[in-house]
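Ready for some hands-on reading of a model? Work through the exercises below with the viewer open, and try each one before you look at its solution.

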Amino acid sequence: MFSGRAWRLVKFGEPADAVELRQMTWTAPGPGQVLIRVRTAGAGYPDVMMAAGRFPLLGDPPFGLGEEAAGEVVAVPPGSRFAVSDQVTGITGFLEGWGGYAEYTYLREGSAIRIPAGMTDEQAGGFPIGFRTAYAGLVERAPVEAGQTLLVLGAAGSSGATAVQLGKALGATVIAVAGSPLKLEFCARNGADHGVNHRTEDLTARLAEITDGRGVDLIYDPVGGDTAALALKSIAHSGRIALVGLASGAPVALDTMDMLLRNYSAVGVLATPGAPEAETAVWGRLADLAARGAISTPVGRRYAFEDVPRMITEQRSPGPGKSVVRVAAR
Ligand SMILES: NC(=O)c1ccc[n+]([C@@H]2O[C@H](COP(=O)([O-])OP(=O)(O)OC[C@H]3O[C@@H](n4cnc5c(N)ncnc54)[C@H](OP(=O)(O)O)[C@@H]3O)[C@@H](O)[C@H]2O)c1
C-alpha cells in the first residue's frame, strides 16, 4: 500500500474551487496496470473539459485528473512485462478515476513504455497522449503518405504540435495553423514547412497559394468550429479530415452534401488502445521514433505540483507547446 497526495476534482466548476489536494492510498495494481511514483504529468485542454463537466468519457466527480504521467514503477501484478524500478511513461487510469497529478498513479500497462534514452522527465510526462493521438490520426485512421500535404489546426497546442512532428516524420509537407506570430515561430521550430495565422490571414487564400490551388490532402483537426469549417473549403479532391477534438468549443459541422460533391471524407479519431499485441507494437514504434530523435515532446509551460488548479485554468489559453507538471524530483 502506498500513500500520498493527489489532486482530485471534487465537483464541476472553476478549477480553483473544484480541484482539491487529498491524501490517498494506492493498493497493489491489478492485471493490466502498473503503479508508478509520479515525477511529471502532461496537461492539455481535456483538463479544462473535465473540470467543467464537458468531457464525454467521464461521469461525476470525485475523480483524479491527469491523463498521462511518467515516473518509476513501484509495484506490478504477476506476469507484468514491467518490473519495479523501471522508468516509464504512459496513459494513466484516469477513466477509472486515477489521474497523473498525484504522487502515485496507475498506468495502463498496454499504453506504457520504458522511457527512451535521452528523453527528459518533462518530455516523458508529456509524451503519451499527444503522440498516441497523432498516431491514431495520421497512421491508423487517416493515413498520410509521404509527399502529401497535411494541414494541422491548433498546431501550437498539445495535440497539434505532436501531429506536426509525426506528420514530418512520415514524410508529409506540413502546414501549421496557429493564432499568433509567437505560436507560428514555435510551429516553424517544431518542424512545420508553412504557417498561417488564423486570426490575421485569409486561410483560404494562403492555402491556395501554398498548395498551388490543389488543396490539402489531410486536415488534422483538434479545433473544430468555424476554423475547421473554413479549412474544409481548401480540402483536395479525395481529401480527408481527421476529427480529433473541439478546442474552439464545438466540433466542426459537416455538410454531407458538400462531402459528396467535392469527394472528401471525415474520420473520427479516438486514441483508444487496440488489441494488446497491436497496441504494444504501436508504442514500440513511437518509442523507436523518439529514441531516433524523429519525434520529441515540444515542452511548453512548466508547472509545480502545487499549481495544478492554476495550470488547469491556464489550459483555456495555453502558450505554445505541451504544458507539464513537475510532481516530484528524480
Ligand atoms: N481524439 C482524441 O483521442 C484526443 C486526444 C487528446 C485531445 N483531444 C482533444 O483535442 C482538443 C485539443 O486538445 P489540446 O490538448 O491539443 O488543446 P490545446 O493544447 O489547448 O491546443 C488547442 C489549440 O487550438 C487553438 N484554438 C483554440 N480555439 C481555436 C479557434 N477557434 N480556431 C483556431 N484555433 C483555435 C489554440 O491556439 P490558437 O488559436 O492561439 O492557435 C490552441 O493552440 C480537445 O478537444 C481535446 O479533448 C482528443
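## Exercise 1: strands side by side

β12 and strand β13 (residues 265–268) pair in the parallel sense, joined by 4 bridges. This is a predicted model, where local features need pLDDT of at least 70, side-chain atom pairs count only at pLDDT 80 or more, and totals for chains, interfaces and linings use all residues. Residues are numbered from 1 along each chain as its sequence is written, and side-chain values use heavy atoms, with hydrogens and water left out.

Task: find the bridge partner of Leu 243 in β13, then that of Ile 219 in β12.

Solution, step by step:

1. Strands here are DSSP runs of E with at least two residues, helices are runs of H or I with at least four, and both are numbered from the N terminus. Two strands pair if DSSP finds at least two bridges between them.
2. Leu 243 is matched with Gly 268 of β13.
3. Now take β11 (residues 216–221), which pairs with β12 (residues 235–243) in the parallel sense over 5 bridges. There, Ile 219 has Ile 241 as its partner.
4. Helix α8 (residues 225–232) joins β11 and β12 in a right-handed β-α-β unit (with the strands pointing away from the viewer, the path from the first strand over the helix to the second runs clockwise).

## Exercise 2: an open sheet

Task: in the open sheet of 3 strands, what is the strand order, and which strands stand at the edges?

Solution, step by step:

1. The order is β2-β1-β4, with antiparallel pairing.
2. β2 (19–26) and β4 (63–64) each have a single partner strand, so one side of each has no neighbour in the sheet; these are the edges.
3. To check the register, note that 8 bridges join β1 (residues 2–9) to β2, and that Arg 5 stands opposite Gln 23.

## Exercise 3: around the ligand

Task: where does the ligand lie relative to domain 1 and domain 2, and why?

Solution, step by step:

1. Among the polar contacts (N or O pairs within 3.5 Å), a ligand oxygen is 2.8 Å from a polar backbone atom of Ser 158. A side-chain N or O atom of Arg 199 is 3.0 Å from an oxygen atom of the ligand.
2. By class, the shell has 14 nonpolar, 12 polar and 2 charged residues (Ala, Val, Leu, Ile, Met, Phe, Trp, Tyr, Cys and Pro count as nonpolar, Asp, Glu, Lys and Arg as charged, the others as polar).
3. Domain 1 (2–127 + 297–326) and domain 2 (131–268) both give residues to this shell, so the ligand lies between them. The bounds come from an automatic or database domain assignment.

Terms used
Polar contact = N/O pair within 3.5 Å; in protein donor to acceptor, adjacent residues only side chain to side chain.
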